[in-house]
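This report looks at the ligand and its surroundings, and then at charged pairs in the protein. Please keep the sequence and the structure in view while reading.

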Amino acid sequence: MEEVRASSEWVSSHASHVTVNLSGIEKVAESMKNSIPKVEWDYEGIHYFDNGPLSVQYLFVLDALNFCFWPDKDLTYDHLAAGLKAALQDDKSAFDADRLQTYTGPELRKLLNWTKPLPLEDERVRLIHEVGFELERSFEGKASKLVESCGKSAAKLVALVTQFFPGFRDHTVYKGHQVFLYKRAQIFAADLWGAFKGESYGEFHDIGSITMFADYIVPAVLQQLGVLRYSSSLANMIEDGTEICSGSEEEIELRACSIYAVEKMREVLHKKIGKQVLSVELDLWLWSVGVQCPSLQHHRTLSIYY
Ligand SMILES: Nc1nc2c(c(CN[C@H]3C=C[C@H](O)[C@@H]3O)cn2[C@@H]2O[C@H](COP(=O)(O)O)[C@@H](O)[C@H]2O)c(=O)[nH]1
């Protein structure tokens with residue numbers, strides 16, 4: 001995770017379109033002086049959980065598909081989480097590794113109880129096949145085996161996931177430098193930690209090493225809070241709903257500066273306010289604020305990573 005932190009900081013200090021505003025961070029930290037907002041994992045009550053290995057399989061499939069909902073204005077993350085939950089409750093073998101390798105686009109829609117084509121449906125199908133194939137080949141078909149082999153280290157889990165499953169390799173090149181963001185691999189570790197309440201499959205001695213998850217909601221919240229500032233051209237693109245290319249300077253800056261800003265926020269909370277908080281906790285709070293604000297304008301990028 002050091003690579004995620006270091007490369008995000010590098011982007012932030014070379015950015016042309018996004019600025020991290022330290023006084024904005026201090027203001028937010030100050031407002032948390034008396035109480036730090038704590039959001040329960042699954043506050044929505046939409047995820048599958050049975051306290052066992054099937055929950056791990058569910059979370060891995062969920063995070064393999066946890067990206068790009070916005071092209072369909074009616075589709076949200078909640079549909080994915082709740083749809084997969086219902087599918088699993090209906091048929092406990094729905095996420096067996098051999099089954100994962102056979103889903104077609106229309107079957108995936110049915111699984112999510114969605115009648116229209118899903119955004120990036122072909123990619124979703126390819127990625128769910130990849131998960132089934134590699135789980136079968138290297139982990140006896142079980143995501144729980146993958147988690148068991150990480151020695152209770154979230155950093156090791158992220159390394160394993162990105163090593164074995166190419167679809168999770170969320171890194172890019174910015175101004176000649178390799179930048180690591182690892183949104184879906186990190187959120188998988190965080191979802192385990194949240195769902196299992198830091199125990200069993202969710203026990204990680206280094207959960208503090210995980211950064212925020214660079215998606216399209218949290219950057220927009222950080223901008224609203226005055227933590228991120230955009231150049232006028234970028235602000236206009238977001239306001240007009242203009243698509244921003246995956247891998248463009250703007251897109252990488254939005255994501256990397258969000259990671260850097262949340263790390264800074266955590267540092268300020270610790271040093272100036274004396275409160276210790278995890279980036280995962282800050283992320284869930286910021287994300288829950290964002291999804292409860294329907295007027296929030298976020299950047300639009302077609303991407304399999306978030
Ligand atoms: N940074 C961050 N991004 C997150 C999540 C989650 C869900 N986490 C669950 C875990 C426990 C909680 O109770 C949550 O339910 C989804 N996303 C991202 O949001 C976007 C979807 O937005 P919309 O189109 O409006 O549904 C999309 O990029 C998706 O990947 C998070 O926690 N943090």
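Helix H10 (183–195) and helix H14 (279–291) each supply at least two residues of the shell around the ligand, and H14 gives the most, with 4 residues; helices here are DSSP runs of H or I with at least four residues, numbered from the N terminus. The model is predicted, so that local features need pLDDT of at least 70 and side-chain atom pairs count only at pLDDT 80 or more, whereas totals for chains, interfaces and linings use all residues. Residues are numbered from 1 along each chain as its sequence is written, and side-chain values use heavy atoms, with hydrogens and water left out.

In total, 22 residues surround the ligand, a residue being counted if one of its heavy atoms lies within 4 Å of it, and the closest are Asp42, Glu44, Asn66, Lys183 and Asp283. By residue class, the shell divides into 13 nonpolar, 3 polar and 6 charged residues, where Asp, Glu, Lys and Arg count as charged, Ala, Val, Leu, Ile, Met, Phe, Trp, Tyr, Cys and Pro as nonpolar, and the others, Gly among them, as polar.

The table lists polar contacts (pairs of N or O atoms within 3.5 Å) to oxygen atoms of the ligand.

| Residue | Protein atom | Distance to a ligand oxygen |
|---|---|---|
| Asp42 | backbone N or O | 2.8 Å |
| Asn66 | polar side-chain atom | 2.6 Å |
| Tyr216 | side-chain N or O | 2.8 Å |

Of the 680 Å² of accessible area that the ligand has on its own, the protein covers 95% (Shrake-Rupley method, 1.4 Å probe).

Across the whole structure, a search finds 19 salt bridges, each a side-chain nitrogen of Lys or Arg within 4 Å of a carboxyl oxygen of Asp or Glu. In one of them, the side chains of Lys116 and Asp72 meet at 3.2 Å, N to O.

Notes. A polar contact is a pair of N or O atoms within 3.5 Å; within protein, one must be able to donate a hydrogen and the other to accept it, and residues adjacent in sequence count only if both atoms are side-chain atoms.
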